[in-house]
Amino acid sequence: MPKSHNPATAAPAVDSPVVVQDSIENNNKVKISAGTSSTAAGIQHYDSAPDLGLIMENITERKKRKFEEKDSCLNDVIKEMFAIFTKDQATRFEELQLTIKSLKEQNNKLTQSLELMSNKYDEFLNKITQLESARREDKKNIEYLEEKVEYLERKSKSTGIEIRNVSKKSGETKSDLCKIVESIAKTVSVDMGQNSIKDIYRIKSKDSSNPIIAEFTSVLIKEKFLGNVKIFNKSKIPSKKLNSTHLGLQGPGKPVYLAETLTTKTQKLFYLARNFQKQYNYDFCWTSHGVIYLRKKGESPHIKITSEMDIEQLRKSE
């Protein structure tokens with residue numbers, strides 16, 4: 001039985017000219033379009049080509065994932081380094097705090113020590129001030145006592161005379177010394193009674209002359225004795241002045257010197273005054289009542305010497 005022909009569904013056995021023509025035109029349009037696209041973009045596109053946008057998106061996502069992984073590793077490293085750095089800084093900060101604390105403690109100790117030293121210094125200054133004040137007072141007291149002792153010693157020697165350059169004989173007694181004084185008194189015309197001499201003795205000296213010290217019963221007798229000796233010597237030539245022959249001593253005549261007895265301090269001062277006299281050509285240097293005097297020339301005023309400072313001031317003025 002022959003098949004029925006359905007013009008709606010059956011495919012034509014031969015392409016019709018219209019369909020072929022449309023197909024050719026479509027193919028040509030595709031080629032023209034492809035050619036135009038190839039010319040514009042520089043690449044050929046085919047209907048069967050893959051979706052480049054999707055490929056690029058996938059590549060980008062893969063790169064992002066790689067970068068994210070790298071960033072994550074880098075962040076971990078940075079975090080670890082920062083943690084180490086933070087820990088190190090914390091340790092150093094703690095050490096710095098400990099050091100600062102130690103320095104503060106040392107500073108406090110030094111401050112306390114300085115305050116203690118300052119207090120001690122102030123205390124020492126006060127003590128030194130007190131000691132200086134006490135020393136000045138003691139010095140004044142010592143000077144006062146020295147002057148008192150000097151006055152008493154001078155008072156005790158106010159009736160005595162010193163006879164120098166008289167040789168000592170063997171077995172000499174106080175009676176022999178009294179005879180020497182009596183001989184001098186007779187020579188210079190001094191009337192002396194038997195009880196005029198209170199005491200007489202020799203003292204040791206550096207030059208072994210051992211001067212004779214005669215103490216009278218009064219200052220008046222001493223003053224008259226010394227005054228008459230001075231008058232006697234002024235009236236005589238050098239060879240006839242008071243000497244050992246006037247005392248009845250054997251041998252060649254030797255000058256005999258008389259002076260009032262002086263205290264130890266005055267003796268030292270008198271020695272310095274005589275040296276000053278020789279050095280600066282002063283004509284006179286003598287003592288009277290235990291006081292030392294200097295005179296430049298016969299008509300010039302006398303200068304009283306009471307201490308070594310007086311001699312130094314004279315030395316500066318020359």
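Along strand 5, which side chains point to one face and are buried, and which point to the other and are not? The structure examined here is a predicted model, in which local features need pLDDT of at least 70 and side-chain atom pairs count only at pLDDT 80 or more, whereas totals for chains, interfaces and linings use all residues. Residues are numbered from 1 along each chain as its sequence is written, and side-chain values use heavy atoms, with hydrogens and water left out.

In strand 5 (residues 284-288) the side chains alternate, with Cys285 and Thr287 buried on one face and Phe284, Trp286 and Ser288, which are not buried, on the other; buried denotes under 20% relative accessible area, exposed over 50%, and partly exposed the range in between, for a 1.4 Å probe and protein chains only. Strand 5 runs antiparallel to strand 6 (residues 291-295), to which five bridges join it, two strands being taken as paired if DSSP finds at least two bridges between them. Thr287 has Ile292 of strand 6 as its bridge partner. The two strands form a hairpin with two residues between them, and His289 in the turn has a positive phi of about 55°.

Over the whole chain there are six helices and seven strands, these being DSSP runs numbered from the N terminus (helices, H or I, at least four residues; strands, E, at least two). Of the 318 residues of the chain, 19% count as buried.

Helix 5 (residues 264-279) has 16 residues and reaches 23 Å from its first C-alpha to its last, close to the 22 Å expected at 1.5 Å a residue, where the expected span is 1.5 Å times one less than the number of residues. Its buried residues are Thr266, Leu269, Phe270, Ala273, Phe276 and Gln277. These lie on the same side of helix 5 because they cover an arc of only 120° around the axis, the arc being that of the directions from the helix axis to the C-beta atoms. Thr264, Lys268, Lys278 and Gln279 are exposed on the face of helix 5 turned away from its buried side. Asn281, which follows helix 5, has a positive phi, near 55°.

Helix 5 and strand 5 each supply at least two residues of the lining of the largest pocket, as do strand 1 (160-164), helix 4 (219-234) and strand 4 (257-260). A pocket is an open set of points on a 1 Å grid over the protein atoms alone, where a 1.4 Å probe fits, with protein on both sides within 12 Å along at least five of seven lines, and lining residues have an atom within 4 Å of a point. Of the 46 residues that line the largest pocket, the closest to its centre are Arg164, Tyr257, Leu258, Ala259 and Phe270.
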